[in-house]
Amino acid sequence: MVKEFCRKAILGAFVQGYFHNLRGTLQGLFLPLQRVQLNPSKYLTPEGMALFEKLWASTEKLNRQLTIALEEIENASEGPWDLYEIMNRELLFWEADLRFKHKVKKTLTKAADVKVRMPYNLLLGTLCLVEAELYQRLPEGTELEIKVGTNGSPCITFSWQEVLPAEIFQPLEEAMTKVSSLISSFASLKLDLQSVTLCFQS
């Protein structure tokens with residue numbers, strides 16, 4: 001147990017270096033791919049071109065994910081932050097949770113242009129607390145709508161059509177009560193059977 005804890009602690013301390021190294025490796029992959037992209041007929045058959053396009057799209061997506069992760073580690077700014085853009089990044093981040101990625105249908109909408117001013121890591125930490133407690137409890141097949149808007153202050157509403165059964169809602173309510181107490185100095189939470197609304201102090 002001690003060895004496991006130590007290993008995780010050291011990995012946490014080195015995480016920025018790991019991301020830099022991964023991006024370096026990825027750039028090495030991009031160079032030959034770009035060469036092929038500039039002259040595809042020289043290297044690829046029509047069938048191979050279709051496969052190459054999928055490979056290129058996946059490589060670009062991996063690059064975006066690593067870029068986002070590295071920016072989050074290094075960013076100490078207080079904004080203001082565009083909540084819609086932040087939530088787009090959050091959904092990309094949460095694709096690492098394969099159950100959430102494949103079993104929960106997600107739509108992100110914007111009712112208004114909304115910005116919030118607070119330390120970046122605090123904003124992401126707040127979202128992570130709410131999302132971690134909510135996403136793991138949503139039943140498979142849930143159609144989740146995430147709406148960014150304003151209700152006198154910047155807000156994000158997570159809603160779904162089906163009413164959550166008591167065995168899911170009660171532990172979710174307990175978890176959100178704990179989260180609410182942690183973030184009460186700068187944000188508030190409202191929960192019902194079909195939605196969670198997170199609002200930041202304006």
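The following exercises, each with a worked solution, treat the sheet, the cores and the salt bridges of a predicted model.

Residues are numbered from 1 along each chain as its sequence is written. In this predicted model, local features need pLDDT of at least 70 and side-chain atom pairs count only at pLDDT 80 or more, while totals for chains, interfaces and linings use all residues; side-chain values use heavy atoms, with hydrogens and water left out.

**Exercise 1. The sheet**

Determine the strand order of the open sheet and identify its edge strands.

Solution.

Step 1. Strands (E, at least two residues) and helices (H or I, at least four) are taken as DSSP runs, numbered from the N terminus. Two strands pair if DSSP finds at least two bridges between them.

Step 2. Under these criteria, five strands form the open sheet, in the order β2-β4-β5-β7-β6, with mixed pairing. The edge strands are β2 (105–110) and β6 (187–192), each of which pairs on one side only. From one strand to the next, the twist averages 15 degrees.

Step 3. The parallel sense is found for β2 and β4 (residues 143–150), which pair over six bridges; here leucine 108 stands opposite isoleucine 146 of β4.

Step 4. The antiparallel sense is found for β5 and β7, joined by five bridges, where threonine 157 has threonine 197 in β7 as its bridge partner. Strands β6 and β7 also run antiparallel, with six bridges. A hairpin joins β6 to β7 through two residues, and aspartate 192 stands opposite serine 195 in β7.

**Exercise 2. Helices on the sheet**

State which strands helix α6 lies across and which strands helix α7 touches.

Solution.

Step 1. Contact means heavy atoms within 4.5 Å. Axes are lines fitted to C-alpha atoms, for helices over the stretch in contact, and angles between N-to-C directions run from 0 to 180 degrees.

Step 2. Helix α6 (residues 120–135) lies across β4, β5 (154–159), β6 and β7 (195–200), and runs at about 170 degrees to β7.

Step 3. Helix α7 (residues 166–183) packs on the sheet and touches β6 and β7; its direction makes about 170 degrees with that of β6.

**Exercise 3. Burial of β7**

Decide how many residues of β7 are buried, and examine serine 195.

Solution.

Step 1. Buried means under 20% relative accessible area, exposed means over 50%, and partly exposed lies in between (1.4 Å probe, protein chains only).

Step 2. Six of the six residues of β7 are buried. Both faces are covered, with Ser195, Thr197 and Cys199 on one side and Val196, Leu198 and Phe200 on the other.

Step 3. Serine 195 counts as buried because its relative accessibility is 12%. Leaving out residues up to four places away in sequence, serine 195 touches Thr157, Phe158, Ser159, Trp160 and Lys190.

**Exercise 4. The nonpolar cores**

Describe the largest nonpolar core and name the element that gives its largest share.

Solution.

Step 1. A nonpolar core is a set of buried Ala, Val, Leu, Ile, Met, Phe, Trp, Tyr and Cys residues joined through side-chain atoms within 4.5 Å.

Step 2. The largest core has 38 residues, and Tyr135, Phe158 and Phe200 have the most contacts inside it. Two or more residues each come from α4 (83–94), α6, β4, β5, α7 and β7. Helix α6 gives the largest share, seven residues.

Step 3. Tyrosine 135 touches Met87, Leu91, Trp94, Arg99, Phe100, Leu144, Ile146 and Phe158, not counting residues up to four places away in sequence.

Step 4. Apart from this core lies another of ten residues, including Leu26, Leu33, Trp56 and Ala69.

**Exercise 5. Salt bridges**

List the salt bridges of the whole structure and classify the exposure of their partners.

Solution.

Step 1. A salt bridge is a side-chain nitrogen of Lys or Arg within 4 Å of a carboxyl oxygen of Asp or Glu. The search finds three.

Step 2. Glutamate 95 and lysine 61 meet at 2.9 Å, N to O. Glutamate 95 lies in the loop between α4 and α5 (98–103) and lysine 61 in helix α3 (residues 46–74), so the pair ties together parts 34 residues apart in sequence. Glutamate 95 is partly exposed at 24%, as is lysine 61 at 26%.

Step 3. Lysine 110 pairs with aspartate 113, with the closest N and O atoms 3.0 Å apart. Lysine 110 is partly exposed at 41%, whereas aspartate 113 is exposed at 65%.

Step 4. Glutamate 133 and arginine 137 meet at 2.6 Å, N to O. Glutamate 133 is partly exposed at 22%, and arginine 137 is partly exposed at 23%.
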